Every structure is written in C-alpha cells, then in structure tokens.
Amino acid sequence: MSIEKAWTFGLLAAACAFNCGGLSMAYATQQPQPPAAGAGAPAASLNTLQVLHWWTSSSERKAANALATRMADEGLEWKDAAIPGGAGLGAGKVLKSRVLAGDAPEVTQIIGVSVAEWAELGLLLEIDNVASAGNWNGFLFPTIQTLIQHRKHVVAAPLGIHRVNTLYYNRALFAQLKLSPPQTWEEFQNVALKFKAAGIMPLAQSSESWQVAALFENLVLAESGPEFYRELFVRRNPAAAADRRTAEALERLRVVKGWISGQLDERPWPEVVRQFARREAAMMIMGDWAKPELAERGMTLDEDYACGTAPGTAKYHLYSVDTLTMFAGDYRHMASQEKMARLLVSPTVQAEYNALKGAVPVRRDADPSKMDSCARTSWTTFAQGAAVQAPSLVHRMATDEASRDAIIAEIHRYFLDDRATPAEAQRRLGALFRLFNLRSQGAPGAQDTDRRR
C-alpha cells in the first residue's frame, strides 16, 4: 500500500472508529481480482445492484425511483439502501462501516473530492471503457470530466448539477410590500428589515451546521467572487482566512442571524422548505433541490414563487454535482454496473432525473428550452466555464472530507456563539488551514483537482 493510500485509509478507519468496532482492515488492503473461470452466481443476482445514497426527501425519492424504473427497463434491479441525513452525513458513516466490514454496496453516491479519496484506495470500478465508447468527453462539461476522473481513469458516473446559490422569494409577500427581489447585499438587508418591520420572517433558515455553512459560502462568494472563494475553500490559504473579505462574510452571517433571532432551530432542510411554502418566510437561500419539494406543496414556479440568485452572486454558479460510483469488489457485477453507468448519462435519463431532482443535466448538448426558468439560468451560467464556477464546500466539491467537516464545525461554532468575533473565527480558520496543508503534503485532495482545471 502506498503512503498516500495508507494515509487516506487511516482517515477512513479513524472516521469509522466509533461504529466499526474491531472489524478487519483486510478488505481495504486486498486487491480485487476478477472471478475465476467457471465461477459465478445466478444471473438475477448479478443484475441486482444495491445502491447506497441519501436521497430521502419526498421529491428525491421520486428521482431515485425514476432511475430504478429506467434500470428495470434494461433488465437491472435497483436494490435501495437509502440513508437519512442532510448533506449525506449519515450515508458517509454507513459507507465507511460497510467497507471496513467487507460489505461494500455495488453502487454508492460519492461526490466531489470524496470520489478521488475513495478511488485512491483502489476500491472503485474504473469505467473507462464505458466513457470511451459513449464519448463522454464529447458531451460532458469540462468541470464534470475533472470531477469523475482520478489518475486519468473515469471512476464515477455523473447525474446532475445543482446550483447552491439560489434565492427563492414569495411573489405575493413581495407584492404586498411593493418590494423587488434583492440583487445586492444592501438591497437584501433593506428588504429583510422591511419584512421584519411588517411582522414577516425575512428568511427561512435552519441552525443545522451544514445549512449554516451553506449560507456562509454564499456570503463569501457574493463578497469575493470565485477566485478568492477558491483561495479560501479549495487552496485553504491562511492569508485568505485573514482577509477582510472573510471578515465581511462573517459579519454578514451574524447580521442574517439577527433577522431571525428567536426563531432559529436545527431543522432538516425539507422543514425549512415547508416553512417557506406556508408563507411563513419571504425568502430562502437553498440549492435548487428545493424546487420539487415546493411543487409537492402546491407552489408553482413563476406564479407563487420565483427563484433568482443569492444577492451578489448573479454572475456565479456555486455548484454541487450528483455522481454515483461503482465498487469493484470481485468484479462479478461489473457488466451490470457498466450498463447502469451508460444509462445514467443518456439524454433521456438526464432529462427525467434532473427535472424531478431540481438539478440540470451534465451534458453540454442538453436543450435549455425544455428546462424551467430557474434551471435554464443555472445551466447556461454553468456552461460559461470555470471563471464563474465555485465548488461548494458543504457539498464536498471544494476539499477533502476531514477538512470540510472541520471548517463547517468552525463556522457553526461562530454562528452559535454571539460572543465570538470575526477576528477570532478567522484566526481559528487560519490555524486549521495551516494544519490541513501540512497534513495534505503528498496526499490526494482538492488542491490537485484545482490545478487540473
């Protein structure tokens, strides 16, 4: 096992220490071998693929069920292994436990930088033949191509692109106060104060750690743009942590908390969406996965509500990308896994899945005229390339898992403690960054990904 692989596995084992007990490490160190001649299993079982994922809200279930139906049309069975938990926190723990126990699922939702971390262990099936035969390089966006590759091998199948910097606003409430949707921080603050004075909650927001961090990354992007955003969250530059732009974003996070003081609690994101749908809040900043949930609650886009971009981010795309990876195991399921990978990027599945999920296709040849107004803007903005794109910290696009968790915890700590100053939070972030950068020397991670762009 190489130094880099041992380092990555050490993180995996440490993260799993509390729920894996004395499970053997043999599974992670062995090299998977193709089945011996004559070895096999019933065809039905080889066509059954267990899929571990965290799509558990009502609308997410519909998107997953649509994939399962398409697989059934191709003679494949989707064996569901859905794990609740916002931003995949629960699913990540379960996956680590199962891998260390030698019981990895055939297909798993792994996204962003985490794909490279798992691929470095040699556990993911390389699907180069599928990508080459399907000419994935010919129709995938360049950023998507980078995300699904490790050491020049394709190790994940991309599904859809989410825009995290989406602002939802209630058209009736805005009309009631004769207000226009805010485009800048100053307008956002002015609108929020007017709603608060009218007895209307300005913003639906949870105090759950990943949702707080998602709001913060929007504020950083608005204040600084994609290049500084990358310095802070991808390159984890201590100088960026100390920069005035980080201080400004922290101060604005505290201001937003003041708008909703007294009504903040730790709620799953579907409950935040329900609050907005009940007209109990005028605005909401959340990824475009909220659109299908709003539709299920009787809200119609461009009639009951509209979606724009978080103030100050209209030119930018803060993205998260859904991907599924295949675990190699003993290769018995390889034919079915490859068939599934081909299916996931097909135009029909891309259009159906993303309409149900609220995301947009990963294909450059998708037809934006068939998308809703929110999706059309997302897809066309993303298509402009890396200059406008910012990888979401919260959704594992920016940095490795351990660094992401530590940064989110630090932002959450600052948010909850009104006595903490921006300068203190900046010093703590800077110290974390110096530690991360020392640790990552010689290990795979987001910095390598950023250079490949």
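Which helix gives the largest share of the lining of the largest cavity? Hold that thought. Some framing comes before the answer.

This is a predicted model. The chain has 453 residues, and 57% of them count as buried. It holds 24 helices and 12 strands. Take the contacts between residues at least 6 apart in sequence: 78% of them join residues at least 24 apart.

Now, back to the cavity. The answer is helix 13, residues 209-224, with five residues in the lining. A search of the whole structure finds two cavities of 30 Å³ or more. The largest has a volume of about 120 Å³. Its lining counts 14 residues. Nearest the centre of that cavity lie Gln205, Gln211, Ala214, Ile285 and Met286. By class, the lining has nine nonpolar and five polar residues. Charged residues are absent from the lining of this cavity.

Next, a sheet. Please find Ile285 again, because strand 9 covers residues 281-285. Strand 9 belongs to an open sheet of four strands. The order is 8-9-7-10, and the pairing is mixed. Which strands stand at the edges? Strand 8, residues 201-204, and strand 10, residues 305-309. Each has a single partner strand, so one side of each is left without a neighbour in the sheet. On average, neighbouring strands here are turned by 25° against each other, direction ignored.

A reminder on pairing in general. Strands of a sheet pair through backbone hydrogen bonds, either parallel or antiparallel. Let's walk across the order.

Start with strand 8 and strand 9. They run parallel, joined by three bridges. Met201 stands opposite Ala281 in strand 9.

Step over to strand 7. Three bridges join strand 7 to strand 9, and these two run antiparallel. Here Tyr169 stands opposite Met283 in strand 9.

Last step, strand 10. Strand 7 and strand 10 pair in the antiparallel sense, over five bridges. Asn170 is opposite Tyr305 in strand 10.

Stay with strand 7 for a moment. Strand 7 spans 166-170. Is it enclosed or open? Five of its five residues are buried, so strand 7 is largely enclosed by the rest of the structure. Look at the side chains on your screen. Thr166, Tyr168 and Asn170 point one way from the strand. Leu167 and Tyr169 point the other way. All of these are buried.

What lies across this sheet? Helix 17, residues 269-277. Helix 17 lies across strand 7, strand 8, strand 9 and strand 10. Against strand 9, the helix runs at about 145°.

Helix 17 is a buried element too. Seven of its nine residues are buried, so the helix is largely enclosed by the rest of the structure. Those residues are Trp269, Pro270, Val272, Val273, Gln275, Phe276 and Ala277. After the helix comes Arg279, whose phi is positive, near 65°.

One residue in that helix deserves a stop: Pro270. Why does Pro270 count as buried? Its relative accessible area is 14%, and buried means under 20%. Not counting residues up to four places away in sequence, Pro270 touches Ser57 and Glu293. Glu293 is 23 residues from Pro270 along the chain. In space, their C-alpha atoms are separated by 7.3 Å.

Last stop, a pocket. The second largest pocket holds about 450 Å³ of space. Its lining has 24 residues. Ala351, Asn354, Ala355, Lys370 and Met371 lie nearest the centre of the pocket. Which elements give two or more residues to this lining? Helix 18, residues 290-296, and helix 20, residues 347-357. Helix 20 gives the largest share, five residues. The lining of this pocket divides into 14 nonpolar, four polar and six charged residues.

To recap. The four-strand sheet runs 8-9-7-10. Strand 7 has five of five residues buried. Helix 17 lies across the four strands, with seven of its nine residues buried. The largest cavity has no charged residues in its lining, whereas the lining of the second largest pocket includes six. That's the tour. Over to you.

Terms used. Residues are numbered from 1 along each chain as its sequence is written. This is a predicted model: local features need pLDDT of at least 70, side-chain atom pairs count only at pLDDT 80 or more; totals for chains, interfaces and linings use all residues. Side-chain values use heavy atoms; hydrogens and water are left out. Two strands pair if DSSP finds at least two bridges between them. Axes are lines fitted to C-alpha atoms, for helices over the stretch in contact, and angles run from 0 to 180 degrees between N-to-C directions. Contact means heavy atoms within 4.5 Å. Buried means under 20% relative accessible area, exposed over 50%, partly exposed in between (1.4 Å probe, protein chains only). On a 1 Å grid over the protein atoms alone, a cavity is a set of points where a 1.4 Å probe fits but cannot get out, and a pocket is an open set with protein on both sides within 12 Å along at least five of seven lines; lining residues have an atom within 4 Å of a point. Grid points are joined across faces, edges and corners, and a volume is the space filled by probe spheres set on the points. Ala, Val, Leu, Ile, Met, Phe, Trp, Tyr, Cys and Pro count as nonpolar, Asp, Glu, Lys and Arg as charged, and the others, Gly among them, as polar.
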